[in-house]
Amino acid sequence: MKEILIATGNEHKVKEFKEMLEPMGYTIKSLKDLDTNIEIHETGTTFEENSMIKAKTLHEALGCAVMADDSGLQVDALDGAPGVYSARFMGEDTSYDIKNQYIIDAVKGKPRGAQFVCVISYVEEDGTEHSFRGVVEGEIHDHMLGENGFGYDPIFYYPPYKTTLANVSEEMKNAVSHRGVALRQCVAYLKEKQQ
Ligand code: IMP
């Protein structure tokens, strides 16, 4: 049975990867399952670079197939910021209530377009590299709305749902989210390879 290491310790992400990949016969491991403290320096300036740095670092150290993701929010009126710095924006310890309010204020009277982007990089056991990009287009809402999800979801208004991604169920978010889109592309590639 083929094993893939998911380069995250985030339980929520691991669950999402498992739900998609285990039915295809893959065994999924995460950093939580390994007793390792390999250091990864996310020094890239694009989602592709950072996700590939994570996947390659672990593949080089452990020799197994690795999938890594990198994601964030791009705001048109902020020239694409916070982008790859989404987690670090205004400081890692600053609450999302403060970050979200800052963005709401910063886009007042400006175009409201924004995107969530996710890139999944996959390094196969033999070292072959792939990247899959998922994007969801939305707008910065004029106030925080909804209790679900995490991070910037309360300000990310998704026009087809007429509400924010924090105000819909997990299933509805996954059906359209950047991570869902990238993951489904990755799964399509694996299915094609299995045939
Ligand atoms: P990472 O890819 O897990 O490092 O995520 C980077 C950061 O982007 C997160 O800490 C959030 O600030 C933001 N982000 C990524 N995906 C989402 C999402 O689905 N909803 C809200 N914020 C997100």
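This section describes the sheet, the loop between β3 and α3, and the ligand site of a predicted model.

The strands β1 to β7 form an open sheet of seven strands with mixed pairing. Their order across the sheet is β2-β1-β3-β4-β5-β6-β7. The edges are formed by β2, which spans residues 27–30, and by β7, which spans residues 163–164. Each of these two edge strands pairs on one side only. In a regular strand, side chains alternate between the two faces of the sheet.

At the β2 edge, the partner of β2 is β1, which comprises residues 3–6. The two strands run parallel and are joined by four bridges. Within this pair, E3 stands opposite T27 of β2.

An antiparallel arrangement is found for β4 and β5. Strand β4 covers residues 113–123 and strand β5 covers residues 129–140, with eleven bridges between them. One of the residue pairs in this ladder is F116 with V136, the latter in β5. The two strands form a hairpin with five residues between them, and in this hairpin G127 adopts a positive phi near 95°. On to the next strand in the order, β5 is joined to β6 (residues 156–158) by two bridges, and this pair also runs antiparallel. Here I140 has F156 of β6 as its bridge partner.

Two backbone features fall in the loop between β3 and α3. The peptide bond joining A81 and P82 is cis, with omega about 0°. P82 is located in the loop that lies between β3 and α3, the helix of residues 96–106. D79 is a residue other than glycine with a positive phi, near 55°. The position of D79 is likewise in the loop between β3 and α3.

The ligand sits in the largest pocket of the model. Two or more residues of the shell around the ligand are given by each of β3 (65–75) and α5 (178–194). The largest share, three residues, comes from β3. By residue class, the shell divides into five nonpolar, five polar and five charged residues.

In total, 15 residues surround the ligand, and those that come nearest are K13, S71, Y96, D153 and K173. For three of these residues, the distances between polar atoms are as follows. An N or O atom in the side chain of Y96 is 2.5 Å from an oxygen atom of the ligand. The side chain of K173 likewise places an N or O atom 2.8 Å from an oxygen atom of the ligand. For D153, the ligand atom concerned is a nitrogen, which lies 2.8 Å from a polar side-chain atom of the residue. The ligand taken alone exposes 490 Å², of which 87% is buried by the protein.

Definitions and conventions
Residues are numbered from 1 along each chain as its sequence is written. This is a predicted model: local features need pLDDT of at least 70, side-chain atom pairs count only at pLDDT 80 or more; totals for chains, interfaces and linings use all residues. Side-chain values use heavy atoms; hydrogens and water are left out. A residue is near a molecule or strand if one of its heavy atoms lies within 4 Å of it. A polar contact is a pair of N or O atoms within 3.5 Å; within protein, one must be able to donate a hydrogen and the other to accept it, and residues adjacent in sequence count only if both atoms are side-chain atoms. Accessible areas come from the Shrake-Rupley method with a 1.4 Å probe; for residues, only the protein chains shown count as cover. On a 1 Å grid over the protein atoms alone, a cavity is a set of points where a 1.4 Å probe fits but cannot get out, and a pocket is an open set with protein on both sides within 12 Å along at least five of seven lines; lining residues have an atom within 4 Å of a point. A molecule sits in a cavity or pocket if more than half of its atoms lie within 2 Å of its grid points. Ala, Val, Leu, Ile, Met, Phe, Trp, Tyr, Cys and Pro count as nonpolar, Asp, Glu, Lys and Arg as charged, and the others, Gly among them, as polar. Two strands pair if DSSP finds at least two bridges between them.
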